[in-house]
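Me: Hi! Could you walk me through this structure, please?

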Amino acid sequence: PPASQNNEQGSTLRDLLTTTAGKLRLGSTDAGIAFAPVYSTGTASGKSGRTMPNILDDIIASVVENKIPPNRAPKINVKSEIKDEPKDDRKCIQDDSSKLYSDIPYSWICDKHVLWLRDHKNNNNWKLFKECWKQGRPVLVSGMHKKMNFSLWKAESISLDFGNQQADILNCKDSIISNTNVKEFWDGFEDVSKRQKIKNGETALLKLKDWPSGEDFKAMMPARYEDLLKSLPLPEYCSPEGKLNLASHLPGFFVRPDLGPRLCSAYGECVAATKDHDIGTTNLHIEVSDVVNILVYVGIAKGNGVLSKSGVLKKFEEEDLDDLLRKRLKDSSELPGALWHIYAGKDADKIREFLQKIAKEQGLEVLPEHDPIRDQSWYVNKKLRQRLFEEYGVKTCTVIQFLGDAIILPAGALHQV
C-alpha cells in the first residue's frame, strides 16, 4: 500500500488525536471530524453527539491497546474491562510492591494514601509512580534540593536580583491585595520586625501572588528556570519534554491550562498571633491540571512573637500525623516548611456541601452561583476538619512538606497549605 496509508495508524498520540473520525471508523458526526461533539453535544431536538472523553477512550483502547488497524471498526467493551479489574487496586499494589519494587526506596504515608519516594535519584521511581498515579493518588519525592543550586533560591538572593519589581501581595489575614514593591515582602520574610502591620496592630501574613509565572518566570529568571527544570522529579512525567507528559504533547488546537512554572512565596504562620492555625497561605481549592510543588527554600524567622524551633515543631506535632512524618520531624537534618491538607477529588461534593452548611451556621449569605471551593474562600481549620470527618466521613490527609520535598498532586485533588 502507499506510504500515506501505512502512516494512518499514527506513531504518536498527536497523530491519533488529529486523525479524522472517518479514518478511525468511530462513526460520523455533523461536522465529519472526530472533535465535532466537543463544540456541540446536542441540539434542541434532543439529538446528542459523542463526548471528548469517549472519543479519546475509543482511540486509546482500539489503536494503542488492542492495536486495531484504522481500516477496521473497533469493538470496544469498556464494561467487561472494568469488570475484570481488581476491586481494590491500592491493596494489590501494596501487597505486591515489596517484591516487585524491592530496588526502590519508598514508604506509604497518610494511612497508605500517599506514596513517598525516598530517593530522588533512583531511575526506577517512575515504575512505582505509574502504578500509584493510575489511581489518582498524591506522591511525595524527597531530596530534590540536593540537585539544585541552593544559592539561587535564598530569599536575600531573590530580593537582591528582583527587589525593584512590582507585584500583587495578598494579606492572608484579611484577604486584601495590594500592588507594591517586592522588596518590602522579602525584607520581612525572615525578620518579623520588618513586616507590615494591619489595622489592629497584628503582623501581616503576606503571600506573593504567583510572582513570577509561566513565560514571565522563564524570561525574568532564566538561571532559576533552568535550575528548576533540571531538578524536576520523575522527569518522564514532570519535565516539559517528558515522554509521558501528555499536556506538553497535545496538538496546538487544544486549550491548555497554565502549566507554569510559578514561584509561590509566603510568610510562615508560626507566630504567636496565629495560635489556632485558622489561617492558611493557600485556601482550599482544586487545580485543573496535575501539579508538582517543590519546596526550594525554608526561611527561619526571627523577631518578637516568633515561636522557637521547638515551638514550631510542637505546632506540627499537634496535627493528626502519620508515624513516619512524626519520625521525620525528630530528624535534625530535615527542615519542615509547609503543612498540607489534601482530599481526594471524589470527596469534593461532600466538602462543598459541608462548607455551605458551615457558612449558613455562621450567618453568611450562601448564593447559588458561589462555589466555596472554586472561590477559594475557606481554610478548613482543625475543628472543621474534625467535623468534616464526623459528619460526612471525609478524612483529611495531612502532609508536612520538608525542604526539598516535591508534592505531586493529580488534577482534581483538593488541597490547602
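Here is a chat about strands, cores, helices and a few unusual backbone spots.

Me: What should I know before we start?
Reply: This is a predicted model, where local features need pLDDT of at least 70, side-chain atom pairs count only at pLDDT 80 or more, and totals for chains, interfaces and linings use all residues. Residues are numbered from 1 along each chain as its sequence is written, and side-chain values use heavy atoms, with hydrogens and water left out.

Me: Great. How do E1 and E2 pair?
Reply: They run antiparallel and share four bridges. Strands (E, at least two residues) and helices (H or I, at least four) are DSSP runs numbered from the N terminus, and two strands pair if DSSP finds at least two bridges between them. Tyr106 sits opposite Leu117 of E2.

Me: And what links the two strands?
Reply: E1 and E2 make a hairpin with four residues between them, and Cys110 in that turn has a positive phi of about 55°. Lys112 is in the loop between E1 (106-109) and E2 (114-117) too, with a phi near 65°.

Me: Why is a positive phi worth pointing out?
Reply: Because most residues other than glycine have a negative phi.

Me: Is Lys112 buried or exposed?
Reply: In between: Lys112 is partly exposed, at 45% relative accessible area. Buried means under 20%, exposed over 50%, and partly exposed lies in between (1.4 Å probe, protein chains only).

Me: Where else does phi turn positive in a residue that is not a glycine?
Reply: Leu234 has a phi of about 40°. Leu234 sits in the loop between helix H12 (222-230) and H13, and at 7% relative accessibility Leu234 is buried.

Me: Back to E1: which of its residues are buried?
Reply: Tyr106 and Trp108 on one side, and Ser107 and Ile109 on the other, are all buried, so both faces of E1 are covered. In a regular strand the side chains alternate between the two faces of the sheet.

Me: OK, new topic. Which residues touch the most others in the largest nonpolar core?
Reply: Leu117, Val139, Trp186 and Trp211 do, in a core of 48 residues. Helix H8 (residues 125-133) gives the largest share, four residues. Such a core is a set of buried Ala, Val, Leu, Ile, Met, Phe, Trp, Tyr and Cys residues joined through side-chain atoms within 4.5 Å.

Me: What does Trp186 touch?
Reply: Leaving aside neighbours within four places in sequence, Trp186 is in contact (heavy atoms within 4.5 Å) with Ala155, Ile158, Ser159, Leu208, Trp211 and Ser265. Another core, of 22 residues, lies apart from the largest one and includes Val114 and Leu321.

Me: How is the sheet with E8 ordered?
Reply: Four strands form an open, antiparallel sheet in the order E8-E13-E10-E11. E8 (285-286) and E11 (397-402) are the edge strands, each pairing on one side only. E8 and E13 (residues 414-416) share two bridges, and the bridge partner of Ile286 is Leu414.

Me: Any helix contacts?
Reply: The axes of H16 (residues 348-361) and H17 (residues 382-392) come within 11 Å and cross at roughly 120°. Those axes are lines fitted to C-alpha atoms over the stretch in contact, with angles from 0 to 180 degrees between N-to-C directions. Among the residues in contact are Phe354 of H16 and Leu388 of H17.

Me: Last one: which peptide bond is cis?
Reply: The one from Gly260 to Pro261, with omega near 5°. Pro261 lies in the loop between helix H13 (235-238) and strand E7 (265-266).
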